[in-house]
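Let's sit down with this one and go through it feature by feature. Have the sequence and the coordinates open as we talk.

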Amino acid sequence: MTKQSEQATPMPFLALLLACAVPGAGHVYLRRPVRGIIIFVTIGAMFWSGMAMGGVLTVDSVHERWWFVAEMLTGVHGLIGWHGQRAVYERLRTVQGDSLDEKMVREGVALVTPADTAARAYAGVAGLLNLMCIFDALMLSVMGVCGEPAAKTDTPNKKPKAPSP
Amino acid sequence: MIAWALFYNPMTLGFYSELWLVFPLCAAVGLVYKTIRIHDLRRLPREILVLLIYMVVGLSVLATALWGIHEYWP
C-alpha cells in the first residue's frame, strides 16, 4: 500500500473539483484508492436506491429545492437524476390539458408519502455524505497529505531508553 | 401508465416497511464516515459495526422517548 509521501504535493483545487464531480475521485487523486472506491460505491448505491424507491421525480428542482441542493452534491449521479427529471417535466408540459400535478399522477411518476420521504432521504443523505468527503479531500490536499497514513507502531510496554552519559 | 419501470415510477412502500430502511441508511452513513476517519482500513468492519449499533440504539431511544411524550404528555 502506498505510504504517506512528503514529495508529492496535491493541488487542492483539483482535489476539490474531482471530489465534487465524482464521489471518491478526490481520495483516489490523493492516492487513497481503496477509500475512494468505497466512497464511490456507497454513495452511488445510496443515491440510486433512493432513485429506485422514488422514481424519476426524486430529484425535483421545482418542488423540493433543499433536497435538490443536497442531491446535487452527489456530482455526476445528481446530474443524471436532474436530466431525467427535466426531460419528464418538458414532456409533461407539452401535453394538453390538466394541471402539471394531474399529469404527473396520470403518468404514474407522482411521488407520495411515505415513498417520497425514504427516497429523498437516501438520495439527499448520499449528497451530504459526499459533502463530507469533499471537505476531507480538500483538507488533506491543503495539508499536503498524499497516500495512506503510515502504520502506527504501538509499543506501550516498551520503556524509552535512558540517555547515555 | 403503461408499465412500471425502475428509476422512473416510484415504488409503493408501506409505513412500517419504511422504518426498516433506516438500517441500510445508518450502515451507509457509518461506512462513509469511518472510511474517511479511520487510520487503519483493516479495522473498518469492526468500527462500522460499533458505530451502527450506536446509531440504531440512539435512534431507538430517541424514538421511544418521543413516542412516550406524544402518548402520555398531558
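What follows is a short dialogue on reading helices, packing, contacts and backbone angles in this predicted model.

Q: Where do I start with chain A: how many helices and how many strands does its secondary structure come to?
A: Start by listing the elements in order. Chain A comes to seven helices and zero strands, so its pattern along the sequence reads α-α-α-α-α-α-α.

Q: What percentage of chain A counts as buried?
A: Of its 165 residues, 42% do. It also helps to look at the sequence separation of contacts: among those in chain A between residues at least 6 apart, 72% join residues at least 24 apart.

Q: How does the span of α7(A) compare with what its residues should give?
A: The idea is to multiply out the rise along the helix and check it against the ends. At 1.5 Å a residue, the 28 residues of α7(A) should span 40 Å, and the end C-alpha atoms lie 41 Å apart, which agrees. Just after α7(A) comes A:Gly144, with a positive phi of about 80°.

Q: How do I describe two helices that pack together, and at what angle do α4 and α7 of chain A pack?
A: In general, you give the angle between the axes and the distance between them. Here helix α4 (residues 65–72) and helix α7 (residues 115–142) of chain A pack at about 50°, with axes 6 Å apart. That angle makes α4(A) oblique to α7(A), and their crossing is left-handed.

Q: Which residues of α4(A) and α7(A) meet?
A: From α4(A) come A:Trp67, A:Ala70, A:Glu71 and A:Met72; from α7(A) they meet A:Arg120, A:Ala123, A:Gly124, A:Gly127 and A:Leu128. By class, that contact divides into five nonpolar, two polar and two charged residues.

Q: And across the chains, how are α7(A) and α2(B) oriented to each other?
A: Use the angle and axis distance again. α7(A) and α2(B) pack at about 5°, with their axes 10 Å apart. They are therefore roughly parallel to each other.

Q: Which residues make that contact between α7(A) and α2(B)?
A: Think about helix geometry before you look: an α-helix has 3.6 residues a turn, so residues three or four places apart point the same way. On α2(B), the contact uses B:Leu25, B:Val29, B:Val32 and B:Ile36. On α7(A), it uses A:Ala121, A:Tyr122, A:Val125, A:Leu129, A:Met132, A:Cys133 and A:Asp136. The residues divide into 10 nonpolar, no polar and one charged.

Q: Zooming out, how many residues of chain B are in contact with chain A?
A: 22 residues of chain B touch 32 residues of chain A. On the chain B side, α1 (15–20) and α2 (22–37) each supply at least two residues, and α2(B) gives the largest share, seven residues. That side of chain B divides into 16 nonpolar, four polar and two charged residues.

Q: What should I look for in phi, and what is its value at A:Arg31?
A: Most residues other than glycine have a negative phi, and positive values are worth a look. A:Arg31 has phi near 60°, a positive value in a residue other than glycine. Find A:Arg31 in the loop between α2 (25–29) and α3 (33–54) of chain A. It counts as partly exposed because it has 19 C-beta neighbours inside 10 Å, where 20 would count as buried.

Q: Where is B:Phe7, and is it buried, exposed or partly exposed?
A: B:Phe7 sits in the segment before α1 of chain B. Its phi is positive too, about 70°, although it is not a glycine. With 15 C-beta neighbours inside 10 Å, B:Phe7 counts as partly exposed.

Definitions and conventions. Residues are numbered from 1 along each chain as its sequence is written. Chains are lettered from A and ligands numbered from 1 in the order in which they are written. This is a predicted model: local features need pLDDT of at least 70, side-chain atom pairs count only at pLDDT 80 or more; totals for chains, interfaces and linings use all residues. Axes are lines fitted to C-alpha atoms, for helices over the stretch in contact, and angles run from 0 to 180 degrees between N-to-C directions. Helices (H or I, at least four residues) and strands (E, at least two) are DSSP runs, numbered from the N terminus. Angles under 35 degrees count as roughly parallel, over 145 as roughly antiparallel, 65 to 115 as roughly perpendicular and the rest as oblique. A crossing is left-handed if the near helix is turned anticlockwise from the far one by less than a right angle, and right-handed if clockwise. Two residues are in contact if their C-beta atoms, placed from the backbone, lie within 7 Å. Ala, Val, Leu, Ile, Met, Phe, Trp, Tyr, Cys and Pro count as nonpolar, Asp, Glu, Lys and Arg as charged, and the others, Gly among them, as polar. A residue is buried if 20 or more other C-beta atoms lie within 10 Å of its own, exposed if 12 or fewer, and partly exposed in between; C-beta atoms are placed from the backbone. The expected span of a helix is 1.5 Å times one less than its number of residues.
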